[in-house]
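Visitor: I am new to this protein and would like to be shown around it with care. Could the sequence and structure be put up before we talk?

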Amino acid sequence: MKVFSSPAVKKALDEVIIMFRQETGVSIDAVFEPTGQLLRRIDAGESFDVMIAVTESFGPLTTVIEPHTLTSVARAGIGVAVKRGTPEPDISTAESFIQTLRAARSVAYSGVGASGAYFMTLLDKLGLSEDVGARATVVEKGYVAQALITGNADVAIQQLSELLFVPQAQVVGPFPPELQHYTEFSAAVSAQASDPDQAQAFVNFLTSAPAQTAYIQTRLELPTAPAQ
């Protein structure tokens, strides 16, 4: 079975795929790329059986997926990381968070992911685009926290679940509640799935108790409401 998935859920999904294979014997070939890149693969005619992506992205895909299979899986908040071993900045309040951004030599964020799009909007809202934005490191591919290791930035901004993928990075914590932004991820079966029943079984498994435990352990949260 071929699964297209956002990298935001990769750390949990790696474990979920293993559990699903142990339970069903079905092997899964997973492709992890930002939602925008997955949509470009679909536009190019590439086939898949299940897609896990930003919920809103499924809107234009009513002829590509089976709409009735759309299922909320998890949501991801945005957080801050620094290089492991360096002092952790204060991000407990909006004011201290802003001071942390101003004090940073360079803040790294994603140029292609949902977290980066929101962060750019937030910088503009806070009046920090010229100050913080001008010194920012925009990461077009890969995990943003890698910029901490290369020395290109001393603060990394990305979805919490993705910050975990760089072991040398220390996750400081989530954005303050008043500045937080959540991205919801849902799963759906392709209209051209090679085995629709098998694909639906995997989507169902994504909402099982073992899967939800894996989400929570990797800094994801359970969705607040169904995608429909």
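What follows is a conversation about the overall fold, the cores and one residue.

Guide: This is a predicted model, in which local features need pLDDT of at least 70, side-chain atom pairs count only at pLDDT 80 or more, and totals for chains, interfaces and linings use all residues. Residues are numbered from 1 along each chain as its sequence is written, and side-chain values use heavy atoms, with hydrogens and water left out.

Visitor: What radius of gyration does the protein have, and which value would a compact globule have?

Guide: The radius is taken over C-alpha atoms, and the globule rule is 2.2 Å times the number of residues to the power 0.38. For 228 residues a compact globule would come near 17 Å, which agrees with the protein's 18 Å.

Visitor: How many of the residues in the largest nonpolar core does H1 give?

Guide: A nonpolar core is a set of buried Ala, Val, Leu, Ile, Met, Phe, Trp, Tyr and Cys residues joined through side-chain atoms within 4.5 Å, where buried means under 20% relative accessible area, exposed over 50% and partly exposed in between, with a 1.4 Å probe and protein chains only. The largest one has 30 residues, and those touching the most other members include Val50, Phe202 and Tyr215. Among the elements giving two or more residues to this core are helix H1 (10-24), strand S3 (50-54) and helix H7 (196-205), the helices (H or I, at least four residues) and strands (E, at least two) being DSSP runs numbered from the N terminus. H1 gives the most to this core, namely 5 residues.

Visitor: Which elements help to cover the buried residues of H3?

Guide: Helix H3 spans residues 94-103, and its buried residues include Ala94, Phe97 and Leu101. The cover, judged by contact (heavy atoms within 4.5 Å), includes strand S5 (78-83), strand S6 (107-110) and helix H4 (114-125).

Visitor: Is Val107 buried or exposed, and what is its relative accessible area?

Guide: Val107 is found in strand S6. Leaving out residues up to four places away in sequence, Val107 touches Leu101, Phe119 and Val132, among others. Val107 counts as buried, because its relative accessible area is 2%.

Visitor: How far apart in space are Val107 and Arg135?

Guide: Arg135 is one of the residues that Val107 touches. Although 28 residues separate Val107 and Arg135 in sequence, their distance in space, C-alpha to C-alpha, is 7.1 Å.
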